[in-house]
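Here are my notes on the model you sent over, written as numbered points. Have the structure open while you read, and jump around as you like.

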Amino acid sequence: MSTKLRVSITTTLTLVEQFHLTLTSSSGDPASTELSSRDALPLLSASSTALKSQVTKLSLLAITSPFTPTAVVSLLSDLNGSVLPSFVTAALLITPTDHTKAFQAEALSLTKTGLNDLSSLVKEVQSIAERNDEVHMKKKGIELSQSEKDLITVATGRVWGACDALIDLASNGVTGFIIRRVEEWRDLVRDAVEEIDAWNPDEEGDEFFDELLSDDGKQSVGNGSEGELYEDSLDGEDNAVLYELKKTSIRLLKPVVQIYPAIITNRLKKIPEYLPSLVNQLESLMTNLHHIPEQIDEIAGALYEADLERSIRHLKRTKDCAVEAVRLAVLPWVEQSVTDSQQKAEDKFTNWSKTWLKVVDEVSKPLDDIKEAKSL
């Protein structure tokens, strides 16, 4: 391997390692650059596109015979000098203050994945270069097998995947990213509520196994003792309370499902393209909307286990998260420069939210009654 090629490959691998450490230790402060956070997404898209182009050329140089070290050196020089620094700078320009914590975490994760996959590709190229030297066939070079070519192609495809994801992230922006997340949570909530709605408390018992565990399954037929009748009576009362809790749960959870499309349509899709002043609101909104599917999973588990107290506790937490999410979005989200009268202007969602809050408050009232009935 020529000295220039060895130095270029070593430089690339060293840069990738250093940049990875920089991204891992990023404190969320903007990178030291003349660029601002407003430039982050355009630069992220441009640098990801450039990296994808460079690795495509690198893969073709690696699998095409004869192997040409000078061409690889030239390509790696561009990669090391401009493409990689821009790629990492774009990720560092994305901050929680301007883009939300979740968006920054996604960008950093994808960028680090891209760097890792690039490192794997460069190491494959390094291996080919070393083998090319070993055969001492400077004019013809080595001929790669199909499996060896596939290694390069797969490694390249992984870098493409990370670049495409970053281009998509930059194209959709913070708002698009949040909408996609909220839609995922909406689907989880909708599926969980449908599952609870379809659940029948009476089907949870398994009489077949009860009979197997008894001395003689037939003895239990027509010979129930007073104790057994009393236990059956208690089970009936428990099931009645469980049915009532399930009914109340569905009445509460169905309005909760409604807030996701309502907030997406009336608030998230109407956010201006770049509005850092809303980041805190968006952070709080995402936190509450994210907690709801987690709470509903807990509700379902508690219902299946007939744990009424735990189920009611998580129902109340679900209600609290939903109410807080609606209150965060109750008024139109506008820029801070508008007048107070404009900021306080109500719209269709504002009126809808008032009705929604009244409905949720009303349908959640039976929760305390059910808890008291169970304790009697």
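When I say below that two residues touch or meet, I mean a contact, that is, heavy atoms within 4.5 Å. One caveat before the points: this is a predicted model.

1. Overall make-up. The chain has 13 helices and zero strands, so reading from the N terminus you get α after α, from α1 through to α13. Of its 376 residues, 40% count as buried. The chain exposes about 20,300 Å², and carbon and sulfur atoms supply 50% of that area.

2. Contacts along the sequence. Take the contacts in the chain with a separation of 6 or more: 83% of them are between residues 24 or more positions apart. The points on Phe19 and Thr248 give examples of residues and what they touch.

3. Phe19. This phenylalanine belongs to helix α1, which covers residues 3–24. Is phenylalanine 19 buried or exposed? Its relative accessible area is 17%, and the cut-off for buried is under 20%, so Phe19 counts as buried. Not counting residues up to four places away in sequence, phenylalanine 19 touches Leu84, Pro85, Val88 and Leu115. Have a look at lysine 112 as well: it is 93 residues from phenylalanine 19 along the chain, yet their C-alpha atoms are separated by 8.5 Å.

4. α2 against α3. Two packed helices are described by the angle between their axes and the distance between the axes. For α2 (40–63) and α3 (69–93), the angle is about 155° and the axes are 9 Å apart. The cut-off for roughly antiparallel is over 145 degrees, so that label fits α2 and α3. The crossing is left-handed. On the α2 side the contact includes Leu44, Leu51 and Leu58, and on the α3 side Leu75, Leu79 and Phe87 are among the residues met. By class, the residues of this contact come to 16 nonpolar, five polar and two charged.

5. α2 against α6. Helix α6 spans residues 146–198, and its axis comes within 8 Å of the α2 axis, with a crossing of roughly 170°. This pair, too, is therefore roughly antiparallel, and α2 passes α6 in a left-handed crossing. Among the α2 residues here are Leu41, Ser48, Val55 and Ile63; among those of α6 are Ile152, Trp160, Cys163 and Ala170. The contact divides into 13 nonpolar, seven polar and three charged residues. Leu44, Ser48 and Leu51 of α2 are worth clicking on: they take part in the contact with α6 and also in the one with α3.

6. α10 against α12. Further along, α10 (residues 308–328) packs with α12 (residues 348–363) at about 160°, their axes 10 Å apart. That angle makes α10 roughly antiparallel to α12, and the crossing is left-handed. α10 brings Lys319, Ala322, Val323, Val326 and Arg327, which meet Phe349, Ser353, Trp356, Leu357, Val360 and Asp361 of α12. Sorted by class, that is seven nonpolar, one polar and three charged residues.

7. Thr248. Helix α8, residues 226–266, holds threonine 248. With 2% relative accessibility, Thr248 counts as buried. Leaving out residues up to four places away in sequence, threonine 248 touches Val363, Pro366, Leu367 and Ile370.

8. Backbone spots to check. Most residues other than glycine have a negative phi, and most peptide bonds are trans. Where does the model depart from that? The peptide bond from serine 65 to proline 66 is cis, with omega near 0°, and proline 66 lies in the loop between α2 and α3. Threonine 100 has a positive phi, near 80°; this residue is in the loop between α4 (96–99) and α5 (101–135), and is buried at a relative accessible area of 0%. Alanine 306 also has a positive phi, near 60°, and is found in the loop between α9 (279–304) and α10. At 43% relative accessibility, alanine 306 counts as partly exposed.

Terms used. Residues numbered from 1 in each chain as written. Predicted model: local features only at pLDDT ≥ 70, side-chain atom pairs only at ≥ 80, totals over all residues. Heavy atoms only, no water. Helix = DSSP H or I, 4+ residues; strand = E, 2+ residues; numbered from the N terminus. Buried < 20%, exposed > 50% of the residue type's maximum accessible area, 1.4 Å probe, protein only. Areas by Shrake-Rupley, 256 points an atom, 1.4 Å probe, with all protein chains shown as cover. Axes fitted to C-alpha atoms, helices over the stretch in contact; angles between N-to-C directions. Parallel < 35°, antiparallel > 145°, perpendicular 65-115°, else oblique. Left-handed = near helix turned anticlockwise from the far one by under 90°. Nonpolar A, V, L, I, M, F, W, Y, C, P; charged D, E, K, R; others polar.
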